[in-house]
Amino acid sequence: MVLLIILVLALVFIAGASTYRLVMLRRGGTAALLRVLPARGGHGWRHGLIRYDEDRLVFFKLTSLKLGPDSTVHRQGLEIVERRAPQGDEFDIMSSDIVVVAVTDPHNSFELALDRGSMAAFLSWMESRPSDRARRTRGGQP
């Protein structure tokens with residue numbers, strides 16, 4: 001009987017987490033593929049949604065039960081390392097109008113695969129960040 005109660009509670013928790021995740025994804029965002037670097041070939045790509053905050057980009061995988069974002073890219077210190085078209089077996093999951101951009105922030109390295117409109121939005125978000133100098137003078141301290 002105790003085992004049955006534990007099983008029911010586990011199923012209720014999984015159903016609740018799935019519902020919460022579905023609600024989070026339905027709030028909207030930009031469709032994207034992301035992978036954490038280093039990665040080899042076409043491996044490691046995850047489908048999901050990205051949302052832009054003031055100082056970070058958050059990525060929600062479509063197949064995750066995690067309650068928060070699966071990956072976070074910090075805006076300050078973000079650099080574009082490379083921009084390219086899909087290569088090799090990446091065409092199995094991407095179309096030819098996708099742009100792949102490799103970025104690094106102070107904590108991680110990622111590759112984002114976005115369509116051209118989403119890429120323009122990403123670049124606009126990235127380039128509109130305040131400079132380090134402007135951030136220091138607002139609060140009076142670094």
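A strand here is a DSSP run of E with at least two residues, and strands are numbered from the N terminus. With that in hand, S109 can be placed in strand β7. Keep that residue in mind, as we will come back to it once the rest of the chain is laid out. Please note as you look around that this is a predicted model.

Let's begin with the whole chain. Its secondary structure comes to 3 helices and 7 strands, and reading along the sequence gives the pattern α-β-β-β-β-β-β-β-α-α. The radius of gyration is 18 Å, well over the 14 Å that the globule rule gives for 142 residues, so the chain is more spread out than a compact globule. Along the principal axes, the C-alpha atoms fill a box of roughly 65 × 50 × 25 Å. Buried residues account for 34% of the 142 residues. The accessible surface is about 9,000 Å², and carbon and sulfur atoms contribute 57% of that. As for charge, the chain has 19 positive and 15 negative charges, and the mean positions of the two sets lie 5 Å apart. If you count contacts between residues at least 6 apart in sequence, 47% of them join residues at least 24 apart.

A good place to step inside is strand β1, which spans residues 30-36 and is mostly covered, with 5 of its 7 residues buried. Strand β1 has a partner in β2 (residues 46-52), to which 5 bridges join it in the antiparallel sense. Strand β1 is also paired with β7 (residues 109-115), again antiparallel, through 4 bridges. You can see both pairings from one residue, L34: opposite it in β2 stands R46, while its bridge partner in β7 is L112.

Before moving on to β2, pause at the loop between β1 and β2, where P38 has its place. Most peptide bonds are trans. The bond joining L37 and P38, however, is cis, with omega at about 5°.

Now follow the pairing onward from β2. Strand β2 and strand β3 (residues 56-61) are antiparallel and share 5 bridges, and the hairpin that joins them runs through 3 residues. Within this pair, Y52 has L57 of β3 as its bridge partner. Strand β3 is in turn joined to β4 (residues 71-74) by 4 bridges, also antiparallel, and here V58 is matched with T72 in β4.

Strand β4 also holds S71. Is this serine buried or exposed? A residue counts as buried under 20% relative accessible area, and S71, at 13% relative accessibility, is therefore buried. Setting aside residues up to four places away in sequence, S71 touches L34, L57, V58, F59 and F110. Three of these names may be familiar: L34 was the residue facing R46, L57 was the partner of Y52, and V58 was the partner of T72.

Strand β5 (residues 79-84) contains V81 and also E82. V81 is exposed, with a relative accessible area of 57%, whereas E82 is partly exposed at 39%. In a regular strand the side chains alternate between the two faces of the sheet. Beyond its neighbours within four places in sequence, V81 is in contact with A102, V103 and T104. On the same basis, E82 touches V100, V101 and A102. Distances help to place these two residues in the model. From V81 to F110, 29 residues along the sequence, the C-alpha atoms are 9.8 Å apart. From E82 to S18, 64 residues apart in sequence, the C-alpha separation is 35 Å.

Finally, we return to S109 in strand β7. With a relative accessible area of 25%, S109 is partly exposed. Which residues does S109 touch, not counting those up to four places away in sequence? They are R35, V36, L37, V103 and T104. Of these, L37 is the residue joined to P38 by the cis bond, and V103 and T104 are also contacts of V81. Measuring by eye along β1, you can also find L33: its C-alpha atom is separated from that of S109 by 14 Å, though the two residues are 76 apart along the chain.

How values were computed:
Residues numbered from 1 in each chain as written. Predicted model: local features only at pLDDT ≥ 70, side-chain atom pairs only at ≥ 80, totals over all residues. Heavy atoms only, no water. Buried < 20%, exposed > 50% of the residue type's maximum accessible area, 1.4 Å probe, protein only. Pairing = 2+ DSSP bridges. Rg over C-alpha atoms; globule rule 2.2 N^0.38 Å. Contact = heavy atoms within 4.5 Å. Areas by Shrake-Rupley, 256 points an atom, 1.4 Å probe, with all protein chains shown as cover. Lys, Arg positive; Asp, Glu negative; His and termini not counted. Charge placed at Lys NZ, Arg CZ, Asp CG, Glu CD.
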